[in-house]
Amino acid sequence: MQRTVSGDVVVDCLLGPADERSLADDVLDGLTRPFKELPPKHFYDTRGAELFDRICELPEYYPTRAERAILEAHSDDIVARTGAAELVELGSGTAAKTRLLLRAMDDAGTLRRYVPLDVTEEMIRRTASELVEEHPGLVVHGIVGDFERHLPYVPAPEDGPRVVAFLGGTVGNFPPGTRRRLLRAIGRLLRPGQDWLLLGTDLVKDPEVLEAAYDDGPGITAEFNRNLLCVVNRELDADFDVGAFEHVAFFDREREWIEMRLRACRRMRVRVGALGLDVEFAPREELRTEISAKFTPERLAGDLTAAGLALGDVLTDPDGLFALSLSTPRRAVAAA
Ligand SMILES: C[S@@+](CC[C@H](N)C(=O)[O-])C[C@H]1O[C@@H](n2cnc3c(N)ncnc32)[C@H](O)[C@@H]1O
């Protein structure tokens, strides 16, 4: 781990050569399967993060606006309910919506520390320096890492309640079993009777609305999807013809999740130089790049219960598109 300290900002960088390995392992694993697949965390190089920000501004992409509306209406209530002194945020990105919570904590006089964790170093550093300017006295302890592997590096809680925020519906990027395991690991960051999980989940709705959100008119989501191939080309010396892959997004009605895929327009052989690997694509063969699970109240409660958490308040936007929920480690509820 590499630590840098500057004034009120500490940044621990846990990603290094071993993580180029993680991309290499995922590519080797995912592109040699009968049904090809790569995990969505590799979308987010600097260009991918910029494209995601543009997606958040698209009229079709309602999740960001809906979650923001909930935070605008309820940040003060969330802070009053939890007494949050510390905010840990997983997959923090640019922390655009999080600022509403930090402002509410500051107004309530409880704000002490913000701990953002994301794979994108540049965003962690930029956000950290902006936030210490905006909130004098705030300590930011950033972690450049992977929340699937690096949760044990989140610093021990200080005095006062901790809220762990996992926003943007990112939890939906995991299939049910992995999702419950991840939620259980997140639960270990919480002290019973004191700390809270604030979880953003997108809700099941009209498939047309869902599909439009992942297949916008101007093609920004398509560019974001194809950027994954640019990452593999750059990092692993591959020769994907990026323009020869078509963006596909559909709602799987049985599993109630969105799938994003890349479809090969023609037969292709791709060389992944760093792995000495040749990958064949048949015409119209698809590579799955993301799932984004949508939630019903039952699915949300089921996942949290299986992870040892008890669901408390569930807040939604006026159109009922998105939910933000507060939950606590179950022992606390049993003891209450
Ligand atoms: C869908 S975006 C959400 C960003 C922000 N939380 C929001 O609500 O707008 C997902 C974020 O999680 C980060 N991310 C994805 N997988 C990750 C992982 N395994 N570990 C750490 N960060 C990850 C990405 O870099 C990106 O910033």
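Two strands count as a pair if DSSP finds at least two bridges between them. Keep that in mind for the second half of this tour, and remember that you're looking at a predicted model.

**Stop one: the ligand**

Select the ligand and show what's around it. You'll find 20 residues surrounding the ligand, and the closest are Gly91, Lys97, Asp118, Asp146 and Phe147. Try colouring that shell by residue type: it splits into 7 nonpolar, 7 polar and 6 charged residues.

Now zoom in on some polar contacts. Click Gly91 first: one of its backbone N or O atoms sits 2.7 Å from a nitrogen atom of the ligand. Next, pick Lys97, where a side-chain N or O atom is 2.7 Å from an oxygen atom of the ligand. Then go to Asp146, whose side chain has an N or O atom 2.8 Å from a ligand nitrogen. How much of the ligand's accessible area does the protein cover? On its own the ligand has 590 Å², and the protein covers 93% of that.

**Stop two: strand E13**

Hide the ligand and select residues 286-293, which make up strand E13. Are its residues buried or exposed? Here 8 of 8 are buried, so E13 is mostly covered, going by the under 20% relative accessible area cut-off.

Add strand E3, residues 36-37. E3 and E13 run parallel and are joined by 2 bridges. To see one of the pairings, highlight Lys36 and its bridge partner in E13, Leu287.

Finally, bring in strand E10, residues 257-264. E10 runs antiparallel to E13, with 7 bridges joining them. Select Ile258 and you'll see it standing opposite Ser292 of E13.

Methods. Residues are numbered from 1 along each chain as its sequence is written. This is a predicted model: local features need pLDDT of at least 70, side-chain atom pairs count only at pLDDT 80 or more; totals for chains, interfaces and linings use all residues. Side-chain values use heavy atoms; hydrogens and water are left out. A residue is near a molecule or strand if one of its heavy atoms lies within 4 Å of it. A polar contact is a pair of N or O atoms within 3.5 Å; within protein, one must be able to donate a hydrogen and the other to accept it, and residues adjacent in sequence count only if both atoms are side-chain atoms. Accessible areas come from the Shrake-Rupley method with a 1.4 Å probe; for residues, only the protein chains shown count as cover. Ala, Val, Leu, Ile, Met, Phe, Trp, Tyr, Cys and Pro count as nonpolar, Asp, Glu, Lys and Arg as charged, and the others, Gly among them, as polar. Buried means under 20% relative accessible area, exposed over 50%, partly exposed in between (1.4 Å probe, protein chains only). Helices (H or I, at least four residues) and strands (E, at least two) are DSSP runs, numbered from the N terminus.
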